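Let's work through a few exercises together. Have a go at each task yourself before you read the solution.

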Amino acid sequence: MKHLSSHRVRPFGLIIIALIASLFSISVSLPAQKAKQQIALVGGQIYPDPISKPISQGVILIENGKITAVGTKSKVRVPPGFDTVDCTGKTIVAGFWNSHVHFTEPKWEDAANLPAAQLNKQLQQMLTRYGFTSVVDTASDLPNTAALRKRIQSGEVLGPRILTAGFPLYPHNGVPYYVVDSVPPDLVKRLPQPATPEEAVRAVDEDIAQGADIIKLFVVSIVTRDGKHTTLPMSLAIVQAATAEAHRKGKLVFAHPSTNEGVELVLQGNVDVLAHTTEDAVGWPPATVSRLKSAGVSLIPTLTLFSGEDGPDANHQGILQEVKSYSDAGGQILFGTDIGYITDYRLLTREYELLGRAGLTYRQVLATLTTAPSKRLGFAATTGRVAEGQDADLVILDSDPAADIKAFSRINMTLRQGNIIYRAEAH
């Protein structure tokens with residue numbers, strides 16, 4: 001739980017207030033540039049998806065932001081006029097999804113007016129240099145995040161696709177202590193804390209009206225009472241009402257569970273996605289795993305959040321077991337790091353190693369980054385695979401994750417709809 005991890009990560013920050021590289025450097029002083037309309041990635045090993053056999057000495061043709069051909073050098077000819085990128089010795093996979101981020105650090109404030117070069121740099125530092133071409137912001141100031149998204153969509157700023165939840169819904173009088181401690185009291189009062197199902201429906205409607213793509217619930221909040229931290233659950237009726245309204249409007253519901261009681265509220269409340277595991281040293285019983293799987297609940301582990309600064313300790317084994325048991329049962333797992341709450345961005349690369357410790361293979365990790373989130377979030381027709389007709393959302397890795405799972409963190413280049421939004425500095 002975040003409340004138990006305050007010694008591991010920096011404070012939550014102002015949750016309410018809310019580069020592109022040239023072809024041969026990561027200098028962000030240069031203006032953002034669109035990629036050429038015709039690009040050929042040549043010579044790399046291609047993983048079309050998490051289950052298909054890799055293509056050696058592959059070629060990917062990109063035109064107007066779409067993949068138009070994928071195959072071996074012997075089968076795919078590079079037409080004249082294409083800008084060729086030599087990918088010899090590299091591995092090419094679909095662009096990564098990070099399904100749990102936050103645009104809550106003060107540097108994102110006034111995103112509508114910040115210089116494009118500054119936003120390019122910040123997006124690179126936090127996301128695109130790690131291969132993320134799509135992200136799910138699970139809590140932030142919605143109008144500010146919507147402004148950032150609009151500038152990316154226009155092409156003025158080069159960054160990932162952004163889906164956002166806007167303001168989460170909290171239990172009545174139940175804003176977590178770590179939020180209360182870090183924002184002004186008058187702003188805390190603005191957070192949705194529905195006391196009735198009717199109020200929950202109105203809060204969901206307000207978020208969606210402002211452009212929210214998903215709804216986020218704190219089904220169990222950690223609050224301060226009489227000088228001590230204690231859990232405060234959201235009433236089941238409110239969970240059910242909020243979820244039903246979100247589903248009626250075609251939106252998924254994510255939940256911060258905190259405890260096993262929160263997992264039970266997720267199940268009874270028909271929530272779609274667990275935004276975290278629970279910090280339980282003994283893990284989930286088989287019956288819970290089975291019920292989550294039967295209900296089609298997706299899980300975002302955020303294992304790095306719950307590991308110590310020097311790596312996981314003995315209590316972390318229960319969390320790893322939750323992930324392993326759910327993966328073994330065939331439950332859907334989505335990659336997410338809680339970056340933005342975690343402000344040391346370098347730590348997010350630890351997530352790959354921790355997922356490996358939880359028993360996931362490199363192919364399963366690739367699925368958490370690509371096909372699973374694109375399917376769950378409704379983008380499977382355009383993202384998640386390296387295939388003809390898909391958006392050219394691609395990541396070029398310096399090495400092969402089949403040999404070392406940490407290869408997922410060694411990014412040579414990130415492309416979003418054919419635009420190079422990050423390229424590693426040449427040495």
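Before we start, one term: buried means under 20% relative accessible area, exposed over 50%, and partly exposed in between (1.4 Å probe, protein chains only). This is a predicted model: local features need pLDDT of at least 70, side-chain atom pairs count only at pLDDT 80 or more, and totals for chains, interfaces and linings use all residues. Residues are numbered from 1 along each chain as its sequence is written, and side-chain values use heavy atoms, with hydrogens and water left out.

**Exercise 1. The strand S1**

Task: Work out how many residues of strand S1 are buried, and which strand pairs with S1 in the antiparallel sense.

Solution:
- Step 1. Get the names straight: helices (H or I, at least four residues) and strands (E, at least two) are DSSP runs, numbered from the N terminus.
- Step 2. Look at residues 38-46, which make up S1: eight of the nine are buried, so the strand is largely enclosed by the rest of the structure.
- Step 3. Now find the partners. Two strands pair if DSSP finds at least two bridges between them. Strand S2 (residues 55-63) runs antiparallel to S1, with seven bridges. Along this pairing, Leu41 sits opposite Ile60, and Ile39 has Ile62 as its bridge partner.
- Step 4. S1 also has parallel pairings. With strand S4 (residues 83-86) there are four bridges, and Val42 stands opposite Asp86 there. With strand S5 (residues 91-94) there are two bridges, and Gln45 is partnered by Thr91.

**Exercise 2. On from S2**

Task: Follow S2 to strand S3 and find which residue of their hairpin takes a positive phi.

Solution:
- Step 1. S2 and S3 (residues 66-72) are antiparallel and share six bridges. Val59 is found opposite Gly71.
- Step 2. The hairpin has two residues between the strands, and Asn64 is the one with a positive phi, near 55 degrees.

**Exercise 3. Asp400 and its company**

Task: Is Asp400 buried, partly exposed or exposed, and which residues does Asp400 contact?

Solution:
- Step 1. Place the residue: Asp400 is in the loop between strand S15 (394-397) and strand S16 (411-416).
- Step 2. Read off the relative accessible area of 22%, which makes Asp400 partly exposed.
- Step 3. List the contacts, where contact means heavy atoms within 4.5 Å. Setting aside neighbours within four places in sequence, Asp400 touches Gln45, Tyr47, Thr91 and Ala407.
- Step 4. Check the side chains. A polar contact is a pair of N or O atoms within 3.5 Å; within protein, one must be able to donate a hydrogen and the other to accept it, and residues adjacent in sequence count only if both atoms are side-chain atoms. The side chains of Asp400 and Tyr47 make one at 2.8 Å.
- Step 5. Compare sequence with space: Asp400 and Ile46 are 354 residues apart along the chain, yet their C-alpha atoms are separated by 9.8 Å.

**Exercise 4. Two helices and a sheet**

Task: At what angle do helix H1 and helix H2 pack, and in what order do the strands of the open sheet come?

Solution:
- Step 1. Axes are lines fitted to C-alpha atoms, for helices over the stretch in contact, and angles run from 0 to 180 degrees between N-to-C directions. H1 (residues 116-126) and H2 (residues 142-154) pack at about 100 degrees, with axes 12 Å apart.
- Step 2. Name the angle: under 35 degrees counts as roughly parallel, over 145 as roughly antiparallel, 65 to 115 as roughly perpendicular and the rest as oblique. That puts H1 roughly perpendicular to H2.
- Step 3. See who meets whom: Ala116, Leu119 and Leu123 from H1 face Leu148, Arg151 and Ile152 from H2.
- Step 4. Turn to the sheet. The order is S6-S7-S8, three strands with parallel pairing. At the edges are S6 (96-101) and S8 (161-164), each pairing on one side only. The twist averages 15 degrees from one strand to the next.
- Step 5. Zoom in: S7 (residues 132-137) and S8 share four bridges in the parallel sense, and Val136 is opposite Leu163.
- Step 6. Link the two parts: H2 lies across S7 and S8, at about 160 degrees to S8.
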